[in-house]
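Thank you for making time this morning. I would like to walk through one model with you, beginning with its charged pairs and then turning to its nonpolar parts.

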Amino acid sequence: MRNTLLLLTTAFLLTACGGDEPGQVDVSDLDKNTPDGAFLLTMHTLADSDIKSAIQNSLSEDKYQELVSEFESQQQQPMDEQQKVQFNQALQMLNQDNAEEQIYNLIAPQLTQIRAFMPMMLMGAKDQIGQQLGATDTALAPRCNSNAEVVDNTVTWIMDNDILQEDKVKNSVAELVATGRGLNLSSADDLQNLDFNEALEMGGEVFAGFKNALNAHGIDVNGILRSAKTSDVSIDGDQATLIASFDVFGKTACSEVTMAKRDGLWVINPKS
């Protein structure tokens, strides 16, 4: 799946689902014992910000417990003093009444520069992404648009919708501040003392906050994830391929995904 991770990253960071209704797939009908069911279940658990379920669906019980043990071992290694100071300073800023204003004022000069160069940056990114994805006019499946169409649409939407407009950025910052405050951390020691389940729950909250921040710019990550569909599933022993698609700006972005069966579970194969 040469293009899969880039496709997902592009969808996460650059695209929105223009008015598509989420929940097109009933999660209760998904069979995680099939490669396509496992793939779709992963997309939906990520849309729900359920990091724990996403991990559990991808690991056997033995491997999951190994992960718990590794986490507990790392938690026994304390932060150094400089890390603690920096973390506590960030917490202190988050908990100030005017945190949103402070953060926006810090990034405003950079935003002004980025907006000035945005058209040139987007055209460069368009060429680079097109090369990585293989921006041809050939579609993988009848429902798919070509990579060239998806990339062109993405760049056009960003240029037309001014995603770094001041109010959008301020709303995004407000979402991130609210997420940070909602974690209820009073110091770096609180983070150090989290157990594995607490860390996964917090990770889900952070991921949800990140998606909410993107949504403030018009980027509906949950809609993209829930729009996932699969077809052309081919199984050969413990390996499988399928064509995955996501709704992106009214276009259908597709990529071939390789799945591998490990410890009896179908998982996305990142090495393919």
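**Charged pairs, core and hairpin**

Let me begin with K170, which counts as partly exposed at 35% relative accessibility. Please keep in mind throughout that this is a predicted model. The side chain of K170 meets that of E166 in a salt bridge, with 2.8 Å from N to O, and E166 is likewise partly exposed, at 37% relative accessibility. Because these two residues are four apart in helix 8, about one helical turn separates them.

How many salt bridges does a search of the whole structure find? The search finds five, and I will take up two others besides the pair just described. In general terms, side chains of opposite charge can pair when their charged atoms come close.

The next pair is R181 with E100, whose side chains meet in a salt bridge at 3.5 Å, N to O. Since R181 lies in helix 8, residues 166-182, and E100 in helix 6, residues 99-133, this pair ties together parts that are 81 residues apart in sequence. R181 is partly exposed, with a relative accessible area of 31%, and E100 is partly exposed too, with a value of 26%.

The other pair I want to show is R115 with D162, a salt bridge in which the closest N and O atoms are 2.9 Å apart. This pair also links distant parts of the chain, for R115 is in helix 6 while D162 sits in the loop between helix 7 (147-161) and helix 8, 47 residues apart. R115 counts as partly exposed at 38% relative accessibility, and D162 counts as partly exposed at 31%.

Staying with helix 6, we find I114 there, a residue that is partly exposed with a relative accessible area of 32%. Together with F117, M120 and M121, I114 makes a nonpolar surface patch of about 400 Å².

From the surface, let us go to the interior. In soluble globular proteins, nonpolar side chains tend to be buried together. Here the largest nonpolar core has 42 residues, and those touching the most other members are F39, M43, F246 and M259. Several helices and two strands each supply at least two residues of this core, including helix 10 (196-215), helix 11 (221-226), strand 2 (239-248) and strand 3 (251-262). Which helix gives the most to this core? That is helix 2, with seven residues.

Strand 3 brings us to a hairpin, because I would like you to see how the chain turns there. Strand 3 pairs with strand 4, residues 265-268, in the antiparallel sense over four bridges, and R262 stands opposite L265 in strand 4. The hairpin has two residues between its strands, and D263 takes a positive phi near 55 degrees.

Finally, a word about M93, whose place is in helix 5, residues 81-94. Is M93 buried or partly exposed? At 26% relative accessibility, M93 counts as partly exposed. Leaving aside residues up to four places away in sequence, M93 touches A99, Q102, I103 and L106. The C-alpha atoms of M93 and V177 are separated by 9.4 Å, although the two residues are 84 apart along the chain.

Notes. Residues are numbered from 1 along each chain as its sequence is written. This is a predicted model: local features need pLDDT of at least 70, side-chain atom pairs count only at pLDDT 80 or more; totals for chains, interfaces and linings use all residues. Side-chain values use heavy atoms; hydrogens and water are left out. A salt bridge is a side-chain nitrogen of Lys or Arg within 4 Å of a carboxyl oxygen of Asp or Glu. Buried means under 20% relative accessible area, exposed over 50%, partly exposed in between (1.4 Å probe, protein chains only). Patches are made of residues with over 30% relative accessible area and no salt bridge: like charges are joined within 9 Å, nonpolar side chains (Val, Leu, Ile, Met, Phe, Trp, Tyr) within 5 Å. Accessible areas come from the Shrake-Rupley method with a 1.4 Å probe; for residues, only the protein chains shown count as cover. A nonpolar core is a set of buried Ala, Val, Leu, Ile, Met, Phe, Trp, Tyr and Cys residues joined through side-chain atoms within 4.5 Å. Two strands pair if DSSP finds at least two bridges between them. Contact means heavy atoms within 4.5 Å.
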